[in-house]
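Dear colleague,

I am passing on the structure we spoke about, with the sequence alongside. Please open it first, and then read the notes that follow.

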Amino acid sequence: ILFMEHWKRRQMRLNYVWDLTDYGMDEEDHNRAEYVLRVAEKTMRQDKSAPKEEKVKLTCTDRMPAYLTTVVTMGFMICVTFAIAFGVILYRISIRAALHMSTYPAARSNIRATVKTTAAIINLIVIIILDEIYASIARWLTTLGTELWV
């Protein structure tokens, strides 16, 4: 529930920042309005500077740095996600073992609930942090794409 409320708030904030408050939820999706605007501006600048008969055609080698950066960044972030998930699993195993060996009777009676609750809280915090990190990386990659690909 907390993640969904955070997501709704973020979506409303982006709608306000991008001046999409007039559009209803049932209308067309405007996820990449900022990207489309940058592409249009860059295309207009290129149209004004380049003669009409000469269109610049980018080859695969021109786009390769952006492609490699995107693939490496995505691979790294997938590895980070798997490492964090593995870390939470290790946390659950180690806390369960530590509580099982505890001499305190209240800790031994609620091992399952304690481990599940603390692991869920850690997952929630990690999801919120990674959401912000992924959003900033997505903005950076989009900027990189508009500068190199268009």
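How many salt bridges does a search of the whole structure find? The search finds 2 salt bridges, and it should be kept in mind throughout that this is a predicted model. One of them is formed by Glu5 with Lys8, whose closest N and O atoms are 3.6 Å apart. Both Glu5 and Lys8 belong to helix H1, where 3 residues, about one turn of the helix, separate them. In general, an α-helix has 3.6 residues a turn, so residues three or four places apart point the same way.

Helix H1 itself covers residues 2-17, and its 16 residues reach 22 Å from the first C-alpha to the last, which is close to the 22 Å expected at 1.5 Å a residue. Just after H1 comes Asp19, which takes a positive phi of about 60 degrees.

Further along the chain, an unreviewed UniProt entry places the feature "transmembrane region" at residues 66-91. In the model this span is 100% helix and 0% strand, with its end C-alpha atoms lying 37 Å apart.

There is also a patch of positive charge on the surface, where Arg92, Arg96, Arg112 and Lys116 gather. The elements that give two or more residues to this positive patch are helix H3 (60-100) and helix H5 (111-149), and Arg92 lies in helix H3.

With best wishes

Key. Residues are numbered from 1 along each chain as its sequence is written. This is a predicted model: local features need pLDDT of at least 70, side-chain atom pairs count only at pLDDT 80 or more; totals for chains, interfaces and linings use all residues. Side-chain values use heavy atoms; hydrogens and water are left out. UniProt positions are given in the numbering used here, feature names are shortened, and annotations may be inferred rather than shown by experiment. Helices (H or I, at least four residues) and strands (E, at least two) are DSSP runs, numbered from the N terminus. The expected span of a helix is 1.5 Å times one less than its number of residues. Patches are made of residues with over 30% relative accessible area and no salt bridge: like charges are joined within 9 Å, nonpolar side chains (Val, Leu, Ile, Met, Phe, Trp, Tyr) within 5 Å. Accessible areas come from the Shrake-Rupley method with a 1.4 Å probe; for residues, only the protein chains shown count as cover. A salt bridge is a side-chain nitrogen of Lys or Arg within 4 Å of a carboxyl oxygen of Asp or Glu. Lys and Arg count as positive and Asp and Glu as negative; His and the chain ends are not counted. The place of a charge is taken as NZ of Lys, CZ of Arg, CG of Asp or CD of Glu.
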